[in-house]
Each structure stands twice: as structure tokens, then as C-alpha cells.
Number of protein chains: 2
Amino acid sequence: MKTDLADPLSSWNEGPSKESILRFVESAVESDSEGYIHPKNRIAVFDNDGTLWSEKPFYFQIAFAIKQIQLVADQHPEWADDPILNAAVEGDQAAILAGGVRAIVHLALSLIEGETTEDFEAEVHEWIGRARHPDSEKLYTEMVFQPMLELLNYLRANEFRTYIISGSGLEFIRVWSEEIYGIPPEQVLGSSVRVKYELRDDGPVLIRIPEVDFIDDVEGKPVGIHKFIGRRPVFAFGNSDGDLPMMQWTAAGEGPRFVGFVHHTDGEREWAYDRESKIGRFDKALDQAHMRGWTLVDMKRDWKVIYPFELE
Amino acid sequence: MKTDLADPLSSWNEGPSKESILRFVESAVESDSEGYIHPKNRIAVFDNDGTLWSEKPFYFQIAFAIKQIQLVADQHPEWADDPILNAAVEGDQAAILAGGVRAIVHLALSLIEGETTEDFEAEVHEWIGRARHPDSEKLYTEMVFQPMLELLNYLRANEFRTYIISGSGLEFIRVWSEEIYGIPPEQVLGSSVRVKYELRDDGPVLIRIPEVDFIDDVEGKPVGIHKFIGRRPVFAFGNSDGDLPMMQWTAAGEGPRFVGFVHHTDGEREWAYDRESKIGRFDKALDQAHMRGWTLVDMKRDWKVIYPFELE
């Protein structure tokens, strides 16, 4: 498949979704238009799981956590008595998912044993470079959405600053976000564990400690935006109910706003799910999107390709 | 006094401090030099109180807090029984300072009564636009350091991203940092209180709640840098022991690094203080600066002017 160099969104089919994006951005940069937005306010925020890359059969960071648990499980016979950790050792994702966010946090915290932030980054870097998705057998970083990569580039070419606002760990995403999305670490917000400074004989280190610092999900998303960015976004993209407060917060600002959702409608090329899904449930936010006329991207209808490798 | 347009640091006297800055930046941008730094890594961090503006007779945010306490004191007769709050009502700064960081935090938290972040920003905006320093009778924002404004501009002209890393409140600084320093809110880190998202009938709000979220001081500074920026700075400026961990963290990175301190040596034009001062104590960090050859800016010797109004 060829990409059209003159079209910044060449993997998007013509239609209302593509049209709404182009119309918003074109008027944002047109200094005498009603939709004009000063460059300093051109903040665009994106959820990650299910919005910039796939999230099935489970959030990709869970695959990382399970792998790390399995690597050290033989040093932790006591984990056998913990249903969640035991499920991780057995590779039983369904049991972990059934436990919800609490189970995921428990997994993540159990892995922390006084390692430095640099050691953690090295572990993520090693894993992300070789681990493959159980169904597609692609690298996880190959399972990003080509149309969204084009959207990120298009926004940046028009002086928007693109941010990730993710429920997953910010230390996990920052390792590869610059290379894969062109989003530098300082523009990645996510959930985090507490970190402690220590001056050792061979120099200072930051130590990860097994306590939650911040959960950047649902109501945490606008809170995180306030804390990290300190300005209200004008453009927001998500895919689930977990993004709804971020969308409400974005939409409620004065002046032109863009709110968009990726609707996973393509069971052939990706996955089809919404109201009933445990991962990426899209129910209340779907109602709101209809009611408020927010852009609803129908993956099947709107996207010529899903993944970059389809272009090869 | 005339500024020299050809000299990006025209308020700096010639000497080792100015020389060390110019040498570092010139080689950072020279792609075939040993000191070259890729633009993505050009992160420069600055303490605020005592580094970018004055901090005597007490951190300027305390003046704001005292004023706000006094505004509502008659609705709070119970404050008379609280030594710190009572000191604020009486305008007794010495008593507040004697209580250290704990007293300052107590003041700041006592002011919070379910206001929105937008209300708080409006209060800061109103105050900063009219409140005057008790000695100089200048606006607080006129008491920023002209040589440091030049340094911020010089760094940005060379593709450094300039950040503030302050022990004071991030919501306090962000209101005016872009106008005064050219540093946008998303590049201001500071101490923070917890914030809660609420969807009200007339739209979503963020409510400030009277609990500490993060203290961005001493060991908190490198932790904050990790959390907000996710990259180690290559350039750091501070003025007190509270900045030492940030300096150690910056200096310990691989490759070229710049670490500088403002030494308050000018009792005529500003204030002279270091090892014995309650505010901005500069003792251990002063020893370290000598020992490690970090740049030590002697305000009296190195700066032609202190404040921008001296140029008029």
C-alpha cells in the first residue's frame, strides 16, 4: 500500500472522523479564524492502551509484569499462597483480570525489591525489544495504530504538544515512547510508584519503593493533567470509560475543543469490543460521545490500515 | 545602563562564572565537540526562591499565605489558639519561620476550604499583580534576577528546555512563570496539595484538598525531576542546601554537566547570607561547590545589575 505524501492522514478513509480532525486543526492554526488557538495552548492528550496501541487480550504492561514475576518466582515460594501472584506464575491472565485494577497494582508492587529506576528502565527496554504478542506474534511496539501515528505527527507539525495520559505505568511507557510515538518522556503521564533518593558511596540513585504514588486513571486523569501540565488540553483522544473525566475536563474549557474516541469495531483486523469488555470498557463514554457529538472513530470504517506493518 | 545586544549575558561581568556558562553552552551545541549534547537531552533546571528571584526577608509565597490568612481570619476565631495561624494573623513572620517547613505547610493547608484550582489561580493572579515587597516596595515579580533572565533566554536560544524545580507551590508559580520567566506551566515543578475531580451540575471542577501531595524540596527535587521529566538534567542552578540532591543527581549523569549556585554576597543591592541563614541556608552545598569545582556565582562580583528595574 502506498501512502499519500500530500495527505497527512493518509491511512484514514474519507469521512466524518477524518473531516472533523482536519477541520479542527486547520482552524486552530488560522489566526483569523474563530477556531484559532494560540500555540501555547495547543496541548493534545492521548490515552495509550486501546488508543495508541492495542490492549487485547490484556493491557500489554501486564504481559511484562507476568514475565518479570515468572523470572524470580523460584526465589519466592510464598507467592504460591497469593492467588494473584500464583496466577501470574501460572500465566493465568483471566484470573488476574478478574481482580481488576487492584490485582494489577498488587502485581506491579510485588515486583519491586529496592531496584533503582535505571535498573527498571533497563528491564523494560530489554523486554520491549523482544517480547511478542501471544496472538499476532508481533513485537508489542509493532501493534501501535498507524492512523494515530499520523495524527500525532500531523498535530506536532501544527505546533501542538502531544502528551500521553495513561493508566499504565509512566516508567514503563517512557522507555520507548520517544522512539515509537515521537513523544518524549517529559510528555508522558501515567500511574507511578513512590521513588526515594539515596546518596550511595558510588553516587546518587533513585530507588523504587512498593507503594502507589498516583493512579492516573478515570478521575486521576484530569488530576494528573493539572499536576503535570497545569493547563487544560484543547484536544483529547481516548477509547474507554476510563478516559471520560479527561474528556469532560477537556470539553468544558472555553473556546474550540476536540474530543475523540477510538471505537474498537474491527474483529477481523484488531478486536471488536465496547460495553461489555473487562479491558477498555466503552459504555458510559460511548453514550456521552453520541449525546455530545464527539468524534467517534469507527476503526473498521475509518482506518485503511490498523498497524504500520500492513503498509510494508 | 545599556544592554549589549551582541552579548547574551550582558548583565554578567566578565570572569569565571560567565566564562563557565558560555563555555558549557557553546560546546553543548557544537556537534563535533566533546561537550556536545543532543537537543533532546538539553534539560536545564532552576530552583526559584533565591535563584531566580529574591527570598528575603522570607519566601515570597509566605507573604501571599499571610495575606490570605488575614483576609479570612475573622471567620476563624479558632485560629487564635493555633500559634502559627495566630502568628500569620498578627503578621509575625519570625514566628512562622521559626517553625520551618512544617509551619509553612500548615499555613498553606489551613487556607484550603474546598476552593477550585481556578479560584486559587485567580487569587494568586490578583495578589501577584499588586502586592509589594515590604523593603523595596517593588512588585515581587520585579524582584527577579536580570542576569538569570538573560541566562534562561540564552539557554532557550540554544535549544535547552528550561524548568523550575521549586520547594514552593507549583500552583503558585505557574500563574506568572510564563509571563515573567518565559517558562510555561508544564515546565514548572513544585510542591503540591492534593486535588480531586468533581463533576458538578455546571461542569467539572478540580477541588484543592488540605493534604500534602508532594514536597518538592531537598531529596524531593530529584524525585520530582524523575516523576515529571523522566530524564536527568544536564544543567542545574540553585542557591541553597535544599538544592544539593538535585545537583548531585545532575552531576552524576554521564557526559557534560553544568552545576551552578547563586551565592548571595551582596548586602547592598540584595542580601548577604549563606551558612547561618534560616531561609536559603547555603552550607553543605557551599562546601560541595568548592570541593567539586561547581560554578559559584558571587552576586556582588559577577552581576552588573541584580533586578531588571536597575536597567531603566
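Helices, as the word is used here, are DSSP runs of H or I with at least four residues, strands are runs of E with at least two, and both are numbered from the N terminus. With that in hand, A:E137 is easy to place: this residue lies in the loop between α6 (117–128) and α7 of chain A. A:E137 has a positive phi of about 60°, even though it is not a glycine. One thing to keep in mind throughout is that this is a predicted model.

**How the two chains sit together**

Let's start with the pair. Chain B can be laid on chain A by a rotation of 180° with 0.0 Å of shift along the axis, and the RMSD is 0.0 Å. The two copies are thus related as by a two-fold rotation axis. Looking along chain B for the C-alpha nearest that axis, you land on B:F228, 3.2 Å from it. As for the contact between the chains, 100% of the interface residues of chain B are also interface residues in chain A, so the copies meet through the same surface.

**A cavity with residues from both chains**

The structure has 1 cavity of 30 Å³ or more, and the space in the largest cavity comes to about 50 Å³. Who lines it? From chain A there are A:Y163, A:E186, A:L189 and A:F228, and from chain B there are B:Y163, B:E186 and B:F228. So B:F228, the residue we just met by the axis, turns up in this lining too. Sorted by class, the lining has 5 nonpolar residues, 2 charged ones and no polar ones.

**The sheet in chain A**

Now for the strands. In chain A, 7 of them form an open sheet, in the order β4-β3-β2-β1-β5-β6-β7, with mixed pairing. At the edges stand β4 and β7 (295–298) of chain A, each with a single partner strand, so one side of each is left without a neighbour in the sheet. Neighbouring strands here are turned by 30° against each other on average, direction ignored. Helix α7 (residues 146–157) of chain A packs on this sheet, touching β1 (43–46), β2 (161–169), β5 (235–238) and β6 of chain A. The direction of α7 makes about 165° with that of β1(A).

What does the pairing look like at the two ends of the sheet order? Here are the strand pairs of chain A that sit there, along with a pair from chain B.

| Strand pair | Sense | Bridges | Residues opposite each other |
|---|---|---|---|
| β3(A), residues 188–200, and β4(A), residues 203–214 | antiparallel | 9 bridges | A:V195 and A:R208 |
| β6(A), residues 258–263, and β7(A) | parallel | 4 bridges | A:G260 and A:T295 |
| β6(B), residues 258–263, and β7(B) | parallel | 4 bridges | B:G260 and B:T295 |

A hairpin joins β3(A) to β4(A), and it does so through 2 residues.

**And in chain B**

Chain B has an open sheet of 7 strands as well, ordered β4-β3-β2-β1-β5-β6-β7 and with mixed pairing. Its edges are β4 (203–214) and β7 (295–298) of chain B, which each have a single partner strand, so one side of each is left without a neighbour in the sheet. From one strand to the next, the twist averages 30°.

**A cis bond in each chain**

Finally, have a look at the prolines at position 57. In chain A, the peptide bond from A:K56 to A:P57 is cis, with omega near 5°, and A:P57 is placed in the loop between β1 and α2 (60–72) of chain A. Over in chain B, the bond from B:K56 to B:P57 is cis with omega near 5°, and B:P57 is found in the loop between β1 (43–46) and α2 (60–72) of chain B.

Terms used: Residues numbered from 1 in each chain as written. Chains lettered and ligands numbered in written order. Predicted model: local features only at pLDDT ≥ 70, side-chain atom pairs only at ≥ 80, totals over all residues. Heavy atoms only, no water. 1 Å grid on protein atoms, 1.4 Å probe; cavity = no way out; pocket = protein on both sides within 12 Å on 5 of 7 lines; lining within 4 Å. Points joined across faces, edges and corners; volume = space filled by probe spheres on them. Nonpolar A, V, L, I, M, F, W, Y, C, P; charged D, E, K, R; others polar. Least-squares fit on C-alpha atoms with pLDDT ≥ 70 in both. Contact = heavy atoms within 4.5 Å. Pairing = 2+ DSSP bridges. Axes fitted to C-alpha atoms, helices over the stretch in contact; angles between N-to-C directions.
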